[in-house]
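Trainee: I am new to this structure and would like a close look at one part of it. Could you walk me through it?

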Amino acid sequence: MQAEPDAENSAGGGPARANGTPVAPAAPATPGAQAPSGTAGAEAAARSRRFPSITRDTARPEGSGRAVPGAVSTPARQWPMLSVLAATAVGLLATAFGYPRVGCLAIGVALIAAAVMRRVLPSVGMLAVRSRFTDMITYGLLGVAITLLALVMAAPKPWLVIPFMESAVRFTVR
């Protein structure tokens with residue numbers, strides 16, 4: 001199966017990168033030599049540094065080398081995400097072995113830690129999903145909600161008693 005030729009290339013616009021942006025012609029090897037005249041030189045001068053209006057390729061993932069320099073292995077670059085996943089796995093295991101309150105607390109604390117890491121660290125690899133603000137609010141609210149629910153959990157006795165919580169639960173469950 002062959003890929004269809006790019007419209008710019010078939011029209012004589014010159015070579016293009018994978019994302020469709022035209023490639024500037026190479027500079028002359030000698031200082032006195034002139035660049036080839038024609039549309040290629042005009043295209044290079046008029047080319048903008050803006051992203052193309054039509055995206056033809058995917059962006060490089062955030063975690064592909066931004067958390068730690070590229071010489072380090074992938075698990076070392078992804079330590080923020082791996083630490084949150086490990087704490088969540090511990091919480092799920094604790095819940096599976098009959099300690100639901102401890103498990104939910106571990107999951108809630110892992111999400112709160114993710115919000116803190118997203119705020120404090122300059123780059124967190126694949127823990128960065130949306131904008132920094134949106135990630136912090138999402139991780140933080142979910143972490144606080146899960147932690148509060150774990151503390152208010154009625155089995156066998158709540159660790160935190162909120163006076164209106166019992167009537168709110170009865171009103172909701174009816």
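Is L148 buried, partly exposed or exposed?

Mentor: Happy to help! This is a predicted model, where local features need pLDDT of at least 70 and side-chain atom pairs count only at pLDDT 80 or more, while totals for chains, interfaces and linings use all residues. Residues are numbered from 1 along each chain as its sequence is written, and side-chain values use heavy atoms, with hydrogens and water left out.

L148 is partly exposed because its relative accessible area is 40%, and that term covers values between buried (under 20%) and exposed (over 50%), found with a 1.4 Å probe on protein chains only. L148 sits in helix α6; helices are DSSP runs of H or I with at least four residues, numbered from the N terminus. The 21 residues of α6 should span 30 Å at 1.5 Å a residue, and its end C-alpha atoms are indeed 30 Å apart; the expected span is 1.5 Å times one less than the number of residues. Buried residues of α6 include Y139, G143 and T147.

L148 also belongs to a nonpolar surface patch, together with residues including L93, V144 and W159, with about 1100 Å² of accessible area in total. Such a patch joins nonpolar side chains (Val, Leu, Ile, Met, Phe, Trp, Tyr) within 5 Å, from residues with over 30% relative accessible area and no salt bridge, that is, no side-chain nitrogen of Lys or Arg within 4 Å of a carboxyl oxygen of Asp or Glu. The areas come from the Shrake-Rupley method with a 1.4 Å probe, and only the protein chains shown count as cover. Both α5 (100-120) and α6 (132-152) give two or more residues to the nonpolar patch, and α5 gives the most, with 4.

Definitions and conventions
Patches are made of residues with over 30% relative accessible area and no salt bridge: like charges are joined within 9 Å, nonpolar side chains (Val, Leu, Ile, Met, Phe, Trp, Tyr) within 5 Å.
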